[in-house]
Amino acid sequence: MNQESSPPQGSSKPELKLYSPHAVMGFTVFFAPIFGGMLLRQNLIDAGNPRQANLVLLSTILYTLAILVVANDVASKSPALVFLMNLVWGVILIEGFYKRQLSGLEYSHKKIWKPLLISFAIILPMLMLMVSV
């Protein structure tokens with residue numbers, strides 16, 4: 001009596017859950033490129049593309065360092081420049097990585113509450129230090 005176990009009818013393999021392109025863009029623009037890059041990196045890992053995930057992480061770290069250099073040099077004169085640089089990186093992440101690597105996949109959107117709380121936990125102490133100095 002050899003019975004094969006098969007999934008119940010109507011159910012398929014577990015559904016892929018990814019952060020939406022809007023979430024990636026929002027975290028990139030309103031927090032920092034590293035935050036949006038980490039969301040996209042997690043998406044690529046979840047989709048089974050760790051090589052691209054590491055490329056996203058490395059390029060995002062380098063871009064974030066470039067923004068820090070610009071922010072220290074120019075941001076006091078033009079804070080809009082940092083916002084614009086974040087926006088440019090958000091477009092690069094979405095157009096250059098997200099749409100090319102994840103566009104053909106069927107997925108549902110992951111909730112952003114956990115990364116949002118983590119982002120605030122990182123950013124708020126930094127802001128409080130900047131204000132107190």
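Visitor: Which helix gives the largest share of the nonpolar patch?
Guide: Helix H4, residues 79–102, supplies six residues, the largest share. This is a predicted model. The full patch is Phe30, Phe83, Leu84, Leu87, Val88, Val91 and Ile92. Together these residues have about 610 Å² of accessible area on the surface.

Visitor: Where is Phe30 found?
Guide: Phe30 is in helix H1, residues 21–30.

Visitor: Is Phe30 buried or exposed?
Guide: Read the relative accessible area against the cut-offs: under 20% is buried, over 50% is exposed. Phe30 has 64% relative accessibility, so Phe30 counts as exposed.

Visitor: Which residues of H1 are buried?
Guide: Ala23, Val24, Gly26, Phe27, Thr28 and Val29.

Visitor: What covers the buried residues of H1?
Guide: The cover includes helix H2 (33–46), H4 and helix H5 (113–132).

Visitor: Let us turn to rings. How many aromatic pairs does the structure hold?
Guide: Five. Take Tyr63 and Trp89. To classify a pair, check the ring centres, then the angle between the planes; under 30 degrees counts as stacked. Here the centres are 4.4 Å apart and the planes are at 20°, so Tyr63 and Trp89 are stacked.

Visitor: Which parts does the pair of Tyr63 and Trp89 tie together?
Guide: Tyr63 lies in helix H3, residues 50–74, and Trp89 lies in helix H4. The pair therefore ties together parts that are 26 residues apart in sequence.

Visitor: Are Tyr63 and Trp89 buried or exposed?
Guide: Tyr63 has a relative accessible area of 17%, so Tyr63 is buried. Trp89 is at 6% and also counts as buried.

Visitor: Which residues form an aromatic cluster?
Guide: Phe27, Phe31, Phe35 and Phe120 form one. Of these, Phe27 is among the buried residues of H1.

Visitor: Now Pro33. What is Pro33 in contact with, leaving aside its neighbours within four places in sequence?
Guide: Thr28, Thr60, Tyr63, Thr64, Ile67, Asn86 and Trp89. That list holds both members of the stacked pair, Tyr63 and Trp89. Pro33 itself sits in helix H2. With a relative accessible area of 2%, Pro33 is buried.

Visitor: How far apart are Pro33 and Leu65, in sequence and in space?
Guide: In sequence, 32 residues. In space, 9.8 Å from C-alpha to C-alpha.

Visitor: What share of the contacts in the protein join residues at least 24 apart?
Guide: Set the base first: contacts between residues at least 6 apart in sequence. Of those, 73% join residues at least 24 apart.

Visitor: On to charges. How many salt bridges are there?
Guide: Two. The test is a side-chain nitrogen of Lys or Arg within 4 Å of a carboxyl oxygen of Asp or Glu. Asp46 and Lys110 pass, with their closest N and O atoms 2.7 Å apart. This pair links distant parts of the chain, 64 residues apart. Asp46 is in helix H2, while Lys110 is in the loop between strand S2 (108–109) and H5. Asp46 is partly exposed at 30% relative accessibility. Lys110 is partly exposed at 21%.

Visitor: Where do Lys99 and Glu95 lie?
Guide: Both are in helix H4, four residues apart, or about one turn of the helix. They form a salt bridge, with the closest N and O atoms 2.9 Å apart. Lys99 has a relative accessible area of 44% and is partly exposed. Glu95 is partly exposed too, at 42%.

Visitor: How do the elements run from the N terminus on?
Guide: The order is β-α-α-α-α-β-α. That makes five helices and two strands.

Visitor: What percentage of the 133 residues count as buried?
Guide: The figure is 32%. For the surface, the protein exposes about 9,300 Å², and carbon and sulfur atoms supply 66% of that area.

Visitor: Where is confidence lowest and highest among these elements?
Guide: Lowest in H3, at a mean of 90, and highest in H2, at 97. For the protein, the mean pLDDT is 87, and 86% of residues reach 70 or more.

Visitor: Over which residues does pLDDT stay under 50?
Guide: Residues 1–7. The model has zero contacts beyond four places in sequence for them.

Terms used:
Residues are numbered from 1 along each chain as its sequence is written. This is a predicted model: local features need pLDDT of at least 70, side-chain atom pairs count only at pLDDT 80 or more; totals for chains, interfaces and linings use all residues. Side-chain values use heavy atoms; hydrogens and water are left out. Patches are made of residues with over 30% relative accessible area and no salt bridge: like charges are joined within 9 Å, nonpolar side chains (Val, Leu, Ile, Met, Phe, Trp, Tyr) within 5 Å. Accessible areas come from the Shrake-Rupley method with a 1.4 Å probe; for residues, only the protein chains shown count as cover. Buried means under 20% relative accessible area, exposed over 50%, partly exposed in between (1.4 Å probe, protein chains only). Contact means heavy atoms within 4.5 Å. Rings of Phe, Tyr and Trp (its six-membered ring) pair if their centres lie within 6.5 Å; planes under 30 degrees apart count as stacked, over 60 as edge-to-face and the rest as tilted. pLDDT is the predictor's confidence in each residue, from 0 to 100.
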